[in-house]
Amino acid sequence: MRALVVRLDSFGDVLLAGPAVRAVAAHAGHVTLLCGPRGADAARLLPGVDEVLVWEAPWEGFDPPPVVPADVDALIGRLRAGAYDAALVLTSYHQSPLPTALLLRLAGVGRIGAESVDHAGRLLDVRHRRREGRHEAEAALDTAAAMGFQPPPGDDGRLRVLPPPDTGGLTGNGPYVVLHPGASAPARAWSPHRCAEAVSLLADAGHRVVVTGGPGEEDLTRHVAGGLAVDLGGRTGPRTLAGVLRLADVVVSANTGPAHLAAAVGTPVVSLFAPVVPAARWAPYGVPVILLGDQSAPCADTRALTCPVPGHPCLDEVTGQDVVRAVHKLIQERHS
């Protein structure tokens with residue numbers, strides 16, 4: 001059987017789809033993952049994926065592209081050429097799978113399933129309803145199971161990526177804590193001065209600190225590292241970052257892709273979590289986590305990209321010392 005899994009949004013979302021992808025791969029001879037540009041790097045890290053197709057959907061992302069008929073036709077042609085017997089469309093709780101399902105139907109995909117609260121007409125063969133209280137990774141697995149894609153025996157359902165490379169040459173010798181100051185949206189980020197404070201206090205407490213960041217975040221990581229930490233801003237691609245996170249004692253991060261990547265390599269996370277989306281659905285999954293941030297703040301569940309509350313109190317009332325205490329607790333738990 002040739003199967004297609006669709007997850008069209010961001011890096012972290014695609015990582016959270018990983019357990020469901022493995023469930024599909026246990027029943028299919030070939031698995032293609034259709035994703036958006038922001039999720040492509042994560043798709044290439046997932047076990048069970050044989051092929052990655054990248055397409056930017058007009059209904060996804062912070063700045064979606066216009067609807068271009070030729071672009072849509074080209075995607076339908078690529079999907080038709082794939083001759084897929086089944087497709088699993090994965091979305092977040094607030095997204096609709098139906099635009100994707102329509103394109104898959106036009107491409108002749110044999111059997112289509114997704115989670116949907118909307119009437120789907122003839123677009124879905126399996127219309128799954130989300131169970132209350134499910135994390136995004138669990139909800140994706142539930143939808144896969146509704147289509148008959150049960151996880152393989154012995155699969156614990158946690159996040160996982162392909163083995164990363166050795167990164168000792170970047171981080172140096174000895175234990176370390178990673179602090180990742182960036183975030184996919186300003187409303188989710190801990191302020192740079194708080195990040196720098198945490199680096200200083202962690203160093204005072206005897207920790208080696210590694211600061212990570214993607215391309216374009218070099219000024220941020222340089223400021224946060226402050227000469228006290230190893231600055232890897234702009235120096236790690238996704239696979240290399242996975243290696244850096246895998247060997248850390250603890251990762252300190254906002255709710256953004258690297259927090260989920262840390263979970264995928266089994267590293268505990270101090271999660272600076274702005275409540276603009278629910279932590280019960282989006283916190284790092286399957287590893288020890290300490291959640292910091294006021295989850296009852298006025299911005300809760302707004303999905304805001306920029307903080308709607310002056311002073312960003314949900315996160316900026318968290319201090320560097322709060323982070324140090326959380327790091328120590330997770331290290332003690334890991335060694336006990």
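How much space lies in the largest pocket? In this predicted model, the answer comes to about 1100 Å³. The lining of that pocket is made up of 40 residues, and the ones nearest its centre are S10, F11, R38, S184 and T256. Several elements give two or more residues to the lining, namely α1 (11–16), α3 (40–43), α10 (238–246) and α11. Of these, α11 gives the most, with four residues. Sorted by class, the lining of the largest pocket splits into 15 nonpolar, 17 polar and eight charged residues.

The second largest pocket holds about 150 Å³ of space. Two stretches of sequence show up in its lining: S92, Y93, H94, Q95, S96 and P97 on the one hand, and E115, S116, V117 and D118 on the other, with R129 and R130 completing the list. Three of these lining residues are nonpolar, five are polar and four are charged.

Next come the enclosed spaces. There are three cavities of 30 Å³ or more, and the largest has a volume of about 50 Å³. Its lining takes in R7, V89, L90, T91, E115, R130, E136, A139, A140 and T143. Helix α6 (residues 136–146) puts in four residues, the most that any element gives to this lining. In terms of class, the largest cavity is faced by four nonpolar, two polar and four charged residues. Two names turn up again here: E115 and R130 line the largest cavity, and they also line the second largest pocket.

R7, one of the residues lining the largest cavity, is also busy with salt bridges. Its side chain meets that of D9 at 2.8 Å, N to O, and that of D13 at 3.8 Å, N to O. R7 and D9 are both buried, and D13 is buried as well. In total, the structure holds 16 salt bridges. Some are joined up: R22, D155, D156 and R160 form a network of salt bridges.

Another pair sits in a more open setting. The side chains of R105 and D125 come together in a salt bridge at 3.2 Å, N to O. This one ties together distant parts of the chain, as the two residues are 20 residues apart, with R105 in helix α5 (residues 98–106) and D125 in the loop between β5 (111–115) and β6 (126–128). Are these two partners buried or exposed? Neither label fits: R105 is partly exposed because its relative accessibility is 27%, and D125 is partly exposed because its relative accessible area is 44%.

Helix α5 also has a buried side. Its buried residues are L98, T100, A101, L103 and L104. The elements covering them include β1 (2–7), α4 (69–82), β4 (86–89) and β5. After the helix comes G108, which has a positive phi, near 80°.

As for nonpolar packing, the largest nonpolar core has 55 residues, and V178, L245 and L261 have the most contacts inside it. A second core, separate from that one, has 34 residues, A187, A225, V318 and A326 among them. What does L245 touch, leaving aside its neighbours within four places in sequence? The list runs to V178, V251, P258, L261, A262, V265 and T267. Two of those names, V178 and L261, are the residues listed alongside L245 as having the most contacts inside the largest core.

Finally, N255 is worth a look. It lies in the loop between β10 (250–254) and α11 (257–264), and α11 is the element that gives the most residues to the lining of the largest pocket. N255 counts as buried because its relative accessibility is 5%, which falls under the 20% cut-off. Not counting residues up to four places away in sequence, N255 touches S184, R188, H260, L272, F273, V277 and W282. One of these partners, S184, is also among the residues nearest the centre of the largest pocket.

Key: Residues are numbered from 1 along each chain as its sequence is written. This is a predicted model: local features need pLDDT of at least 70, side-chain atom pairs count only at pLDDT 80 or more; totals for chains, interfaces and linings use all residues. Side-chain values use heavy atoms; hydrogens and water are left out. Buried means under 20% relative accessible area, exposed over 50%, partly exposed in between (1.4 Å probe, protein chains only). Contact means heavy atoms within 4.5 Å. On a 1 Å grid over the protein atoms alone, a cavity is a set of points where a 1.4 Å probe fits but cannot get out, and a pocket is an open set with protein on both sides within 12 Å along at least five of seven lines; lining residues have an atom within 4 Å of a point. Grid points are joined across faces, edges and corners, and a volume is the space filled by probe spheres set on the points. Ala, Val, Leu, Ile, Met, Phe, Trp, Tyr, Cys and Pro count as nonpolar, Asp, Glu, Lys and Arg as charged, and the others, Gly among them, as polar. A nonpolar core is a set of buried Ala, Val, Leu, Ile, Met, Phe, Trp, Tyr and Cys residues joined through side-chain atoms within 4.5 Å. A salt bridge is a side-chain nitrogen of Lys or Arg within 4 Å of a carboxyl oxygen of Asp or Glu.
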